[in-house]
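Here is a brief report on strand pairing in two chains. Keep the sequence and the 3D view open while reading.

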Amino acid sequence: MVRRPQEPFEGSHDEPADGPVLVADRLRKVVGHGPLSVTAVDEVSLQVERGELVAIVGPSGSGKSTLLAMLGALATPTAGSVRIDGVDPVDLDERGRSVLRARRVGFVFQRPTLVPFLTVVENVVLAGQIAGVAEGTVRERAAELLAILDLKDRSGHRPAALSGGELQRVALARALLNDPVVVLADEPTANLDAARGRAVVALLADHTRAQGRAGVLVTHDESIAARADRRVYLHDGCLASPDAAPGQVDPPRANRTEGET
Amino acid sequence: MRLALRLVWLELRRSPSRLLRPAVTLAVLAALAMVLASLVDTLDRRSTGVLRAVEADLVVFNDKARQQVLRSRIPRPATIGVGFVDGVHEVGVLSVVPTTVTHQGDLQRAFLVGFNARTPAEPVRVLQGRVPTDGEPNIAAIDAALHRTGIEVGDRITLGGSLEVEVVGVIAEAMFLQQPTVWVPPEVWARTGARAFPERGYAEAIVGIALVEVQVGRDPAEVAPDIVAELAEEDLDVEVITLREAVAAVPGVSAIRATFGGLVALAIGVVVLVSAGLALLQVDQDRARSAELRAIGAGPAVLAGTRVLRLGVTWALACAAGVALATGLAATVPAAVPLAVRPAMLALVAALLAVAVGVGGAVALRRLRNIDPAEALGEPW
């Protein structure tokens with residue numbers, strides 16, 4: 001069990017509020033201009049409740065990462081809206097979105113790029129420094145997370161000395177450091193062996209269920225997705241999931257290319 | 001800014017090569033710019049030292065002299081009238097003639113400067129002893145350049161092959177047209193000049209230029225026409241210009257400034273391009289990491305601050321190396337090479353380099369600002 005920071009920082013939510021943590025309403029993302037434009041995500045609505053881990057499953061190019069970018073305030077939707085813990089990122093300026101991501105969202109990327117001249121523990125602590133958390137608090141928590149992720153012996157190493165799987169676990173520790181209300185993971189097990197992959201998903205599930213947070217896991221691996229509380233399928237930018245809430249699923253669209261911008 | 005400072009400090013400590021590589025490149029350019037700037041500075045100062053040694057607001061030339069100290073001849077009595085012009089505080093005369101200095105059998109070329117003591121024509125910076133006063137027949141002060149050849153206060157030197165004088169003081173370097181100077185009272189100058197060039201009509205009643213100090217609060221530009229008018233009444237056509245203009249009019253100075261100034265500007269321009277290129281390269285190399293840091297919440301200010309600090313460190317390292325290289329070179333080249341390093345000139349070049357690195361780095365900052373945090377997810381579409 002991962003202990004949460006003892007000193008809550010501005011913007012953190014210690015007391016779970018009612019309602020879903022993550023709400024996506026009729027999200028659409030069109031990329032490109034004119035005749036070359038492509039609708040990467042089309043009319044996707046999704047809710048992730050507190051304590052819930054949702055897996056987004058779909059083939060390559062189905063729009064999973066684009067959807068994840070909008071859910072994590074990394075990209076602005078062309079239409080529709082996202083609310084992260086009640087906050088619509090569109091209502092914030094660039095700095096506000098940075099603060100929102102730092103304090104309420106944890107990201108695990110498929111190919112994490114750590115700061116090469118910082119040690120493992122310093123890379124994890126960096127997330128807390130960016131969020132403005134007291135250094136003592138984050139160092140203690142970072143050590144705890146690294147121990148859970150079996151990286152205690154590697155905490156003084158530089159990223160160049162780590163394997164792909166170890167890098168991925170460091171990225172996970174960094175994502176969980178600030179105890180975010182939602183963790184978004186993009187193929188987090190892609191570089192891990194089966195056992196470590198299961199451990200990572202277990203940690204994600206533990207964080208979301210036990211801490212009352214939300215998790216979204218993008219994967220193409222059904223065995224990993226099966227460990228989530230709910231699976232949604234994305235195909236050609238549209239949700240096609242029997243698990244999705246009634247009325248929130250549009251039929252898959254055969255042709256994603258539109259003339260709109 | 002604290003986080004940016006910490007990151008740059010750790011990078012400098014743990015991966016110094018990433019900062020040292022661009023610093024070395026810039027250091028070579030910085031040294032080049034500093035050496036070129038020191039060359040132009042030294043050539044300039046060694047051409048104009050006589051005029052730089054004094055403090056005056058205006059310089060009065062015979063109008064046929066075309067603002068050349070060596071060519072100008074003014075009847076000495078006429079300069080007295082200048083002192084009565086409204087707005088003039090004090091007047092002194094200064095005359096220059098080429099001569100030779102013989103010391104312990106060694107002969108070298110120099111310029112003999114006749115001047116009025118305790119007037120605007122008196123050299124300001126006396127390093128040792130004193131300067132001669134009017135009416136002292138056989139004494140002289142030498143400038144630091146001549147002092148470096150081994151002549152000391154108390155030594156006797158021979159001017160123009162015949163007039164022996166005693167050195168009573170050393171003034172700061174005041175070279176003229178790349179040669180050292182000997183400072184004597186006007187009558188000694190006239191006597192030496194007459195012996196060396198009897199056909200040129202040197203006499204005690206003739207001086208080269210008049211140096212004028214205007215009264216406090218008066219604008220020299222307003223006083224100058226009155227001086228011209230005053231001397232016109234005495235049938236003497238003169239040209240009155242500021243000391244700065246007179247310095248610029250010394251033969252060769254404008255060419256030196258244009259040539260070497262152009263080279264320095266070129267070096268600074270290259271620094272702009274190189275620093276922009278290096279910074280852009282680093283931004284591109286770090287693009288994935290920057291996008292990921294943006295994604296996990298680092299604001300644009302943190303990334304920009306880190307980049308600015310790195311540029312600052314690179315600039316500081318480059319300037320330190322450039323100063324060391326330029327100073328080392330100046331210390332090792334033969335004395336005949338006009339390369340003397342002045343801290344003020346190095347500081348000026350360092351400031352210009354800071355601007356150049358800043359301009360170059362601004363291009364990279366613009367690209368850094370445009371990094372999309374969504375790039376951390378790869379190319380999602």
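The text below covers a sheet in chain A, then a strand and its partners in chain B.

This is a predicted model.

**Chain A**

Three strands of chain A, in the order E2-E1-E4, make an open sheet. Their pairing is antiparallel. Strand E2 (38-48) and strand E4 (79-84) of chain A sit at the edges, and each pairs on one side only. On average, neighbouring strands of this sheet are turned by 20 degrees against each other, direction ignored.

Strand E1 (residues 22-31) of chain A is joined to E2(A) by 7 bridges. A:Leu22 has A:Val48 in E2(A) as its bridge partner.

A helix accompanies the sheet. Helix H1 (residues 64-71) of chain A lies across E1, E2 and E4 of chain A. Helix H1 of chain A runs at about 125 degrees to E1(A).

**Chain B**

Is strand E11 (residues 209-214) of chain B largely enclosed or exposed, and why? Of its 6 residues, 5 are buried, so strand E11 of chain B is largely enclosed by the rest of the structure. Buried here means under 20% relative accessible area.

E11(B) pairs in the antiparallel sense with strand E1 (residues 58-62) of chain B and with strand E3 (residues 88-103) of chain B. In E11(B), B:Ala210 is the bridge partner of B:Val60, and B:Glu213 is the bridge partner of B:Glu90.

The antiparallel pairs and their bridges are tabulated here.

| Strand | Partner | Bridges |
|---|---|---|
| E1 (residues 22-31) of chain A | E2(A) | 7 bridges |
| E1 (residues 58-62) of chain B | E11(B) | 3 bridges |
| E3 (residues 88-103) of chain B | E11(B) | 6 bridges |

Technical notes
Residues are numbered from 1 along each chain as its sequence is written. Chains are lettered from A and ligands numbered from 1 in the order in which they are written. This is a predicted model: local features need pLDDT of at least 70, side-chain atom pairs count only at pLDDT 80 or more; totals for chains, interfaces and linings use all residues. Side-chain values use heavy atoms; hydrogens and water are left out. Two strands pair if DSSP finds at least two bridges between them. Helices (H or I, at least four residues) and strands (E, at least two) are DSSP runs, numbered from the N terminus. Axes are lines fitted to C-alpha atoms, for helices over the stretch in contact, and angles run from 0 to 180 degrees between N-to-C directions. Contact means heavy atoms within 4.5 Å. Buried means under 20% relative accessible area, exposed over 50%, partly exposed in between (1.4 Å probe, protein chains only).
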